[in-house]
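I opened this model to look up a few places in turn. My notes follow in the order I made them.

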Amino acid sequence: MADTAMSGAGSTGGEDPLQRAIWRLRSRGCWTDAAALLTPHVGKPGNAGAAVQRTALLVERCLFTGQGWSEAEDALRIAEAVAQDDDDRGAAACERGQLAYAATVLGVRDRADEARSALGRAAALLSPGSRTRPLLDFRRGLVAEHLADAPQSARPAYRRAHAGALAHGDTLLLSFTWRHLAALALRDGEVAEARKGFVESLRIREELGFLVGTAPALAALAEAEPEPEATRLREEARRLFHLLGGIPTWLADQLQPTPAPSPAPSPAA
């Protein structure tokens, strides 16, 4: 989740009408409709990136909704089949790793070994300057934090992803890296640093109009704020969560009227 290959969790599309339309749908949680816009381009010569981007949208749908696994698998197989060079193959492997990670962290099926293997394959295929490399670093951080319970390994991976996102101008990926670095800071009791990261993540998502990712950002910031601000942030997150039909599904427990003292960390968003 390369801009055209969702290499940093995507972009707002710039001046490309197709990418702008995809962003409008994706940012509101309409992943299936966004992926459908790419279907006519999948398989065209020299356009393997469309197949990877379509896969990335459907994989993100799985992570946010817990549904659509077979569609994502089918799209992934196509992306792997039409890949033309190491960067295409590396980007497809990165999506395979993310799909396996999502299935594992959401309790659908334990595919942790597949996630590690696929992300390792992506690391071997992608050039150091690839636009997909920061996303790969981020996802390797997710696996370290949420599957291996190794935050000490996740932190440098997130930092590499953060630096890469800055270098490539991938603003949305920065919202993810800010958020996950902040969560690690909060885990270590560094509340001021955590608050800074959560604020930056929320600011970016609001400025980009990433509506489907705004409720998680609000809920995360609430964990680093005192009352009554924490309650206000959770109420706003709850409003957006219900507005979007309960997406992301894993946020439901954290947004209960009486939140648990130590809510489980979010898997990615």
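Entry 1, S175. I listed the contacts of S175 beyond four places in sequence and found S201, I204 and R205. The model is a predicted one, so I keep the confidence values for a later entry. S175 sits in helix α9, residues 171–187. Is S175 buried or exposed? I get a relative accessible area of 0%, under the 20% cut-off, so S175 is buried. I also looked for a polar partner of the S175 side chain: one of its polar atoms is 2.7 Å from the backbone oxygen of L172.

Entry 2, the rest of α9. I checked the length of the helix. With 17 residues at 1.5 Å a residue, α9 should span 24 Å, and I find 25 Å between its end C-alpha atoms, which agrees. The expected value takes 1.5 Å times one less than the number of residues. I then asked how many residues of α9 are buried. The count is twelve of the 17, so α9 is largely enclosed by the rest of the structure. Among them are L172, L173, L174, F176 and T177, and also R179 and H180. What do the buried residues of α9 pack against? I noted α1 (17–26), α7 (133–147), α8 (151–168), α10 (191–208) and α11 (214–222). After α9 comes G189, and its phi is positive, near 80°.

Entry 3, α1. Since α1 turned up among the partners of α9, I looked at it from its own side. Its buried residues are Q19, A21, I22, W23 and R26. The elements covering them include α2 (31–38), α3 (48–65), α9 and α10. At the start of α1, I found a side-chain oxygen of D16 within 2.9 Å of the backbone nitrogen of L18.

Entry 4, salt bridges. Side chains of opposite charge can pair when their charged atoms come close. I counted 21 salt bridges and wrote down three of the pairs.

E73 and R111 meet at 2.8 Å, N to O. E73 is in helix α4 (residues 69–82) and R111 in the loop between α5 (86–105) and α6 (112–125), so this pair ties together parts 38 residues apart in sequence. Both E73 and R111 are buried.

R139 and E95 form a salt bridge at 3.0 Å, N to O. This pair links distant parts of the chain, with R139 in helix α7 and E95 in helix α5, 44 residues apart. R139 has a relative accessible area of 1% and is buried. E95 is buried too, with a relative accessible area of 1%.

D149 and R187 make a salt bridge at 3.2 Å, N to O. D149 lies in the loop between α7 and α8, and R187 lies in helix α9, so the pair ties together parts 38 residues apart in sequence. D149 counts as exposed because its relative accessibility is 54%. R187, at 47% relative accessibility, counts as partly exposed.

Which residues are linked with E73 in a network of salt bridges? I find E80, R96, R111 and E114.

Entry 5, the segment after α12. I looked up two residues here, P248 and G245; α12 itself covers 229–243. P248 has a relative accessible area of 0% and is therefore buried. Beyond four places in sequence, P248 touches F64, V212, P216 and F241. Its C-alpha is 4.4 Å from that of F64, although 184 residues separate P248 and F64 in sequence. G245 counts as exposed, because its relative accessibility is 63%. I also noted G29, whose C-alpha is 9.5 Å from that of G245, with the two positions 216 residues apart in sequence.

Entry 6, confidence. The mean pLDDT of the protein chain is 92, and 93% of its residues reach 70 or more. Where is pLDDT under 50? I find this over residues 1–10, for which the model has 46 contacts beyond four places in sequence. Where pLDDT is low, the predicted coordinates should not be read in detail. I therefore leave the contacts of residues 1–10 as a count and take them no further.

Definitions and conventions:
Residues are numbered from 1 along each chain as its sequence is written. Side-chain values use heavy atoms; hydrogens and water are left out. pLDDT is the predictor's confidence in each residue, from 0 to 100. Contact means heavy atoms within 4.5 Å. Helices (H or I, at least four residues) and strands (E, at least two) are DSSP runs, numbered from the N terminus. Buried means under 20% relative accessible area, exposed over 50%, partly exposed in between (1.4 Å probe, protein chains only). A polar contact is a pair of N or O atoms within 3.5 Å; within protein, one must be able to donate a hydrogen and the other to accept it, and residues adjacent in sequence count only if both atoms are side-chain atoms. A salt bridge is a side-chain nitrogen of Lys or Arg within 4 Å of a carboxyl oxygen of Asp or Glu.
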